[in-house]
Amino acid sequence: MDDLTSYIFDLSQNAFNANSTYLKILIEKDEQYRLSLIDHGKGIKKSDLIKISSPFYTTRTTRDVGLGIPLMLLLCEQTEGSHEFKSIRHMGTRLTFVLNHHHLDFPKEGDYGMLIADLVMHQDLKKLVFTYTCQGQTYMYKYKKNKQTKKRKELIQEINTHINRIEGRL
């Protein structure tokens with residue numbers, strides 16, 4: 001995977017596969033880069049929480065491997081970060097990854113606007129909350145199905161403009 005948004009998109013697919021119609025993505029960038037993905041899917045059994053870090057564990061029937069979480073864990077390890085997984089059966093899952101964004105191995109963040117535009121197109125998604133916090137400033141985008149949304153290009157531009165402003169690139 002090329003950038004963090006690719007990882008986030010892949011991890012978001014896990015939420016949809018767990019029958020979640022709600023997704024919350026929290027990004028906090030200060031001394032470290034903290035990414036949390038929260039869904040209201042079917043959750044993960046306690047006995048399976050340990051297994052999800054293995055590339056040879058997947059609940060999908062179409063393939064024998066699942067690389068999203070193992071690759072993200074490798075990235076955490078490479079950047080001297082950490083992770084935490086919490087899940088409650090039939091209520092949802094929270095994945096948290098902490099990375100050192102000053103580390104040489106920290107990848108490019110990618111295009112958050114395009115990530116969100118791609119996610120809101122998913123047929124099963126009913127609600128999405130995306131929060132990006134950096135340098136004490138926060139941008140939040142909320143999506144609710146059947147509510148008027150901007151055109152894809154406008155949405156991408158809006159999200160990226162806000163993030164660039166927070167990052168001091170505008």
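## A question to start with

Is Gln135 buried or exposed? This model is predicted, and in it Gln135 is exposed, with a relative accessible area of 56%. We'll come back to that residue once the sheet around it has been laid out.

## The sheet, strand by strand

Let's start with the sheet. Six strands make up an open sheet in the order β3-β4-β2-β1-β5-β6, and the pairing is mixed. At the edges sit β3 and β6, each of which pairs on one side only. Going from one strand to the next, the twist averages 5°.

Now for some of the pairings. Strand β1 (residues 22-29) pairs with β2 in the antiparallel sense, over seven bridges. If you want a spot to look for, Lys29 has Tyr33 in β2 as its bridge partner. On β2 (residues 33-39) there is also an antiparallel pairing with β4, again over seven bridges, and here Leu35 stands opposite Phe97 in β4.

## Strand β4 and its hairpin

Strand β4 covers residues 92-99, and seven of its eight residues are buried, so the strand is largely enclosed by the rest of the structure. Besides β2, its partner is β3, in the antiparallel sense over seven bridges. Phe85 is the residue that stands opposite Leu95 in β4.

β3 and β4 form a hairpin with three residues between the strands, and His90 there takes a positive phi near 65°. That's worth a second look, as most residues other than glycine have a negative phi.

## Two more positive phi values

His90 has company. Glu80 has a phi near 60°, which is positive even though the residue is not glycine. You'll find Glu80 just after α3, in the loop between α3 and β3 (82-88). Its relative accessibility is 58%, so Glu80 counts as exposed.

Back to Gln135, then. This residue has a positive phi too, near 50°, and is likewise something other than glycine. Its home is the loop between β5 (127-134) and β6 (137-144). Gln135 counts as exposed because its relative accessible area, 56%, is over the 50% cut-off.

## Where the helices sit

Which strands does α3 lie across? The answer is β2, β3 and β4, with the helix running at about 30° to β4. Helix α4 (residues 112-120) packs on the sheet as well, touching β1, β2, β5 and β6, and its direction makes about 170° with that of β5.

α3 has quite a list of buried residues: Gly68, Ile69, Pro70, Met72, Leu73, Leu75 and Cys76. What covers them includes α1, β2, β3 and β4.

## How α1 meets α3

Helix α1 (residues 4-17) packs against helix α3 (residues 68-78) at an angle of about 140°, and their axes are 9 Å apart. The crossing, as α1 passes α3, is left-handed.

On the α1 side, the residues that meet α3 are Leu4, Tyr7, Asp10, Leu11 and Asn14; on the α3 side, they are Gly68, Ile69, Leu71, Met72 and Leu75. Sorted by type, the residues of this contact come out as seven nonpolar, two polar and one charged. There's a handy bit of background for reading such lists: an α-helix has 3.6 residues a turn, so residues three or four places apart point the same way.

## Phe130, a buried residue in β5

Next, pick out Phe130 in strand β5. Its relative accessible area is 0%, so Phe130 is buried. What does Phe130 touch, leaving aside its neighbours within four places in sequence? The contacts are Ile25, Ile27, Tyr112, Ile116, Tyr139, Met140, Tyr141, Ile159 and Ile163.

One of those contacts is Met140. Phe130 and Met140 are ten residues apart along the chain, and their C-alpha atoms are separated by 5.6 Å.

## A word on the cysteines

How many disulfides does the structure hold? Zero. Two cysteines to look up are Cys76 and Cys134. Cys76 has a relative accessibility of 2%, so it counts as buried. Cys134 is buried too, with a relative accessible area of 4%.

How values were computed
Residues numbered from 1 in each chain as written. Predicted model: local features only at pLDDT ≥ 70, side-chain atom pairs only at ≥ 80, totals over all residues. Heavy atoms only, no water. Axes fitted to C-alpha atoms, helices over the stretch in contact; angles between N-to-C directions. Helix = DSSP H or I, 4+ residues; strand = E, 2+ residues; numbered from the N terminus. Left-handed = near helix turned anticlockwise from the far one by under 90°. Contact = heavy atoms within 4.5 Å. Nonpolar A, V, L, I, M, F, W, Y, C, P; charged D, E, K, R; others polar. Buried < 20%, exposed > 50% of the residue type's maximum accessible area, 1.4 Å probe, protein only. Disulfide = S-S within 2.5 Å. Pairing = 2+ DSSP bridges.
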